[in-house]
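The following exercises ask the student to read a protein model step by step. Each task is followed by a worked solution.

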Amino acid sequence: MSGLPRYALQRLLLTIPMLFILVTVVFLLLRVMPGDPVSAMLGGKNVSDEVLATYRVKFGFDRPLLQQYGEYISGIVRGDFGRSIRTNQLVLQELARKFPATLELAIFGILVSLGLGFTTGLIAAVRADRPVDHAIRVFHIASFAMPLFWLGLMLQVFFAVKLGWLPVASRLGGRLAFTFKPITGLYALDAVLRWDGKALVDVLQHLVLPAFTLGIALTGLQGRITRASMLEVLDQDYITTARSKGLHERVVQLRHGLRNALIPIITVFGLQFAVLMGGAVLTETVFSWPGIASYLVLAIGARDYPSIQGSVVFIALFISVINLIVDLLYSVVDPRVRY
Amino acid sequence: MRRESGAWAAADERAHRGPLHAVLGVLSRGRRALRGQHILTIGIAVVVAFVLMTALATRFPSINGYHPTLYRTAPRLQGPSASHWMGTDQLQRDVFSRILSGGRASLIVAFSGLTISLVIGSVLGWISGFAGGWLDRILSLVMDAIYSFPSMILAIVLVAMFGSGLSPMIWAVGFVYVPTYFRVTRAEVLQVRETTYVEAVRAVGAGRVRIVLRHVAPNTISAIMAVSSFNLADAILTVASLSFLGLGLPPPTPDWGYDIQNGQKYLQSGSWWLITFPGLMIITLSLGFGLIGEGISDLVNPRRKGKKHKV
């Protein structure tokens with residue numbers, strides 16, 4: 001085995017220790033940090049020591065730390081994330097059910113941020129130090145400084161409440177919420193698979209505001225990196241060479257410039273995903289989006305300890321997989337990366 | 001959402017090995033160094049204005065004639081008017097008076113949290129970069145793992161575990177940014193360590209601690225300063241988000257994030273002023289820190305400045 005498959009396998013094997021460390025950090029944070037999980041779970045309620053003790057035994061907090069750690073790790077390996085206190089369901093099952101909603105939101109959010117960030121960054125670079133460039137840079141910085149939940153609320157007020165163009169919240173409206181039968185859980189895909197035009201329109205309408213909220217928040221990062229990376233490439237000697245050959249400026253910019261500028265842009269994409277998941281917590285809360293991020297917030301509100309831990313581990317897994325994919329993509333785009 | 005500034009930091013890691021004297025110039029020569037640095041000046045002005053406003057409004061709560069929590073006889077849910085510039089809320093309080101001191105928690109948490117992460121992160125970064133070997137490898141792995149995890153979610157979970165209030169938020173924000181400083185410092189140390197002058201100092205017989213403190217640490221400051229400003233901008237948003245999710249200070253303490261959450265309930269009835277004004281405050285303050293970061297970046301990395309682009 002050689003080349004890309006070999007590299008992919010190596011990279012996959014490297015993901016395992018990384019994941020192990022992440023999962024251990026989660027464990028340490030939740031168990032060893034000051035604050036008793038059991039009293040946190042009971043929300044500082046005035047309960048007797050006996051009740052506390054029963055809870056401790058029930059969730060295994062009375063056992064030695066090392067043993068707890070062993071059980072925790074073996075649980076994760078076996079896919080046993082425990083049972084939610086709030087709903088009494090298996091945490092992993094609940095997460096698996098909620099995950100497609102988050103994934104769908106993330107995909108559309110990324111599409112928005114790629115579309116906006118990439119084009120604005122490119123325009124800014126090509127028109128560097130001109131008014132358009134300045135305007136775009138201000139927009140990028142502003143998109144950084146904007147609280148995501150606030151942006152979501154403002155969009156909601158304007159487009160849903162005031163103009164009434166788009167639905168305020170949730171994934172489906174009216175009767176569809178009860179009649180629509182999902183297949184994959186990615187509703188847009190499901191609507192296509194079921195060949196249901198009405199549902200598709202409804203699903204997309206519900207996606208617009210959350211996707212733009214998440215997307216605009218990421219636009220600044222995407223746009224800045226695109227601009228910086230493109231400018232750096234356009235300064236290179238081979239660009240001058242391409243120009244002196246008499247190539248059309250657009251060809252120079254797009255074929256010689258853009259292709260090379262893509263590398264840092266993809267690197268940032270991996271980082272972006274972490275921001276995206278953080279942003280999803282707020283977006284899902286504002287738009288009552290039934291994904292894993294809002295599940296986590298609900299779990300925190302209810303001090304549902306197994307669910308909190310399970311969601312965090314699940315998100316860690318998800319991020320690791322994304323980083324793996326980004327790394328592989330990276331080696332495809334940049335032929336200089338040796339594997 | 002530390003990652004945004006983190007990514008800037010990543011870009012800065014490469015770019016900002018600029019001369020230290022430029023940064024020291026800001027500190028010592030003050031105004032002279034600020035000449036021509038419009039972005040930096042505006043940023044500093046915004047932040048100073050916000051700190052002063054918050055300090056004053058916290059010390060004298062009724063500074064605009066209405067107390068943010070005790071005054072409760074305004075008309076209910078009324079839009080901006082001459083007597084209530086930013087309208088009133090459902091508990092008949094004046095929104096403007098709450099705006100004035102609503103940034104207190106954000107500022108305290110951002111500055112204290114940053115100090116914690118800066119100290120821990122830099123020290124670990126120096127140690128890791130200088131020690132090398134297995135210690136460096138383990139520390140880097142752990143830091144990378146934390147870094148790869150969404151900081152917003154980490155902060156939320158930490159605050160949920162620690163309980164709400166100022167100090168849990170400070171520790172959560174402090175913890176979340178540690179890897180950023182670790183990475184910046186370590187990268188810088190690795191680079192400086194190989195320079196000729198450090199070799200010279202070592203040849204003279206200086207000890208490790210002395211090399212780190214006298215010769216390596218000062219060279220990491222410029223990179224750290226730019227990163228800190230971006231992190232402060234980000235921390236303001238994180239604190240606001242925590243408050244928005246109800247994990248911040250308990251009511252009725254005025255707080256922008258919490259007030260937005262509260263205003264959310266009255267959006268359907270058209271009370272836009274309840275969320276608009278606190279949001280604008282958060283943006284302005286966060287933008288102020290962001291501009292300072294931009295300004296410092298320009299100062300220590302003047303390469304791009306004044307360069308004319310053909311095209």
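**Exercise 1. Determine which elements the buried residues of helix H13 of chain A pack against.**

Solution. This is a predicted model, and the reasoning below applies to that model.

Step 1. Locate the helix: H13 of chain A covers residues 292-301.

Step 2. Establish its cover. A residue counts as buried when its relative accessible area is under 20%. By this criterion eight of the 10 residues of H13(A) are buried, and the helix is mostly covered.

Step 3. Name the buried residues. They are A:Ile292, A:Ala293, A:Ser294, A:Tyr295, A:Leu296, A:Val297, A:Ala299 and A:Ile300.

Step 4. Identify the partners. Within chain A, the buried residues of H13(A) pack against helix H5 (91-126), helix H12 (249-286) and helix H14 (305-333). Helix H8 of chain B is also a partner of these residues.

Step 5. Examine the end of the helix. Just after H13(A), A:Arg303 has a positive phi of about 50°.

**Exercise 2. Describe the helices, strands and burial of chain A and of chain B.**

Solution.

Step 1. Count the elements. Chain A contains 14 helices and zero strands; chain B likewise has 14 helices and zero strands.

Step 2. Consider burial. Of the 339 residues of chain A, 50% are buried. In chain B, which has 311 residues, buried residues make up 58%.

Step 3. Consider the range of the contacts. For residues at least 6 apart in sequence, 72% of the contacts in chain A join residues at least 24 apart. The corresponding value for chain B is 75%.

Step 4. Consider the surface. The accessible surface of chain A is about 16,000 Å², with 65% belonging to carbon and sulfur atoms. For chain B the accessible surface is about 12,800 Å², and carbon and sulfur atoms account for 64% of this.

Step 5. Add the dimensions of chain A. Along the principal axes, its C-alpha atoms fill a box of roughly 85 × 55 × 40 Å.

**Exercise 3. Characterise the interface between chain B and chain A by its residues, its buried area and its salt bridges.**

Solution.

Step 1. Count the residues. In chain B, 48 residues are in contact with 57 residues of chain A.

Step 2. State the area. The size of an interface is often given as the accessible area lost when the parts come together. Between chain B and chain A, the buried area is about 5,100 Å², and carbon and sulfur atoms give 77% of it.

Step 3. Count the specific pairs. There are two salt bridges between chain B and chain A. The count of residue pairs in polar contact, both at pLDDT 80 or more, is two.

Step 4. Find the contributing helices of chain B. Helices H1 (2-15), H7 (133-148), H8 (151-162), H12 (208-244), H13 (256-264) and H14 (273-300) each supply at least two residues of the side that touches chain A.

Step 5. Classify the residues. On the side of chain B that touches chain A, 33 residues are nonpolar, eight are polar and seven are charged.

Step 6. Examine the charged pairs. A:Arg224 forms a salt bridge with B:Glu294, with the closest N and O atoms 2.8 Å apart. A network of salt bridges links A:Arg137, A:Arg224 and B:Glu294.

**Exercise 4. Explain which parts of each chain are tied together by the salt bridges of A:Arg227, B:Asp259 and B:Asp136.**

Solution.

Step 1. Begin with the total: over all chains, the structure holds six salt bridges.

Step 2. Take the pair in chain A. A:Arg227 forms a salt bridge with A:Asp133, the closest N and O atoms being 2.8 Å apart. Because A:Arg227 lies in helix H10 (residues 197-234) and A:Asp133 in helix H6 (residues 131-145), the pair ties together parts that are 94 residues apart in sequence. Both A:Arg227 and A:Asp133 are buried.

Step 3. Take B:Asp259, which forms a salt bridge with B:Arg98 at 3.1 Å between the closest N and O atoms. B:Asp259 lies in helix H13 of chain B and B:Arg98 in helix H5 (residues 95-101), so this pair ties together parts 161 residues apart in sequence. The relative accessible area of B:Asp259 is 10%, so B:Asp259 is buried; B:Arg98, at 3%, also counts as buried.

Step 4. Take B:Asp136, whose side chain meets that of B:Arg186 in a salt bridge (2.7 Å, N to O). B:Asp136 belongs to helix H7 of chain B and B:Arg186 to helix H10 (residues 178-193), so the parts tied together are 50 residues apart in sequence. B:Asp136 counts as buried because its relative accessibility is 10%, whereas B:Arg186, at 22%, counts as partly exposed.

Notes
Residues numbered from 1 in each chain as written. Chains lettered and ligands numbered in written order. Predicted model: local features only at pLDDT ≥ 70, side-chain atom pairs only at ≥ 80, totals over all residues. Heavy atoms only, no water. Contact = heavy atoms within 4.5 Å. Buried area = accessible area lost by both parts, 1.4 Å probe. Salt bridge = Lys/Arg side-chain N within 4 Å of Asp/Glu carboxyl O. Polar contact = N/O pair within 3.5 Å; in protein donor to acceptor, adjacent residues only side chain to side chain. Helix = DSSP H or I, 4+ residues; strand = E, 2+ residues; numbered from the N terminus. Nonpolar A, V, L, I, M, F, W, Y, C, P; charged D, E, K, R; others polar. Buried < 20%, exposed > 50% of the residue type's maximum accessible area, 1.4 Å probe, protein only. Areas by Shrake-Rupley, 256 points an atom, 1.4 Å probe, with all protein chains shown as cover.
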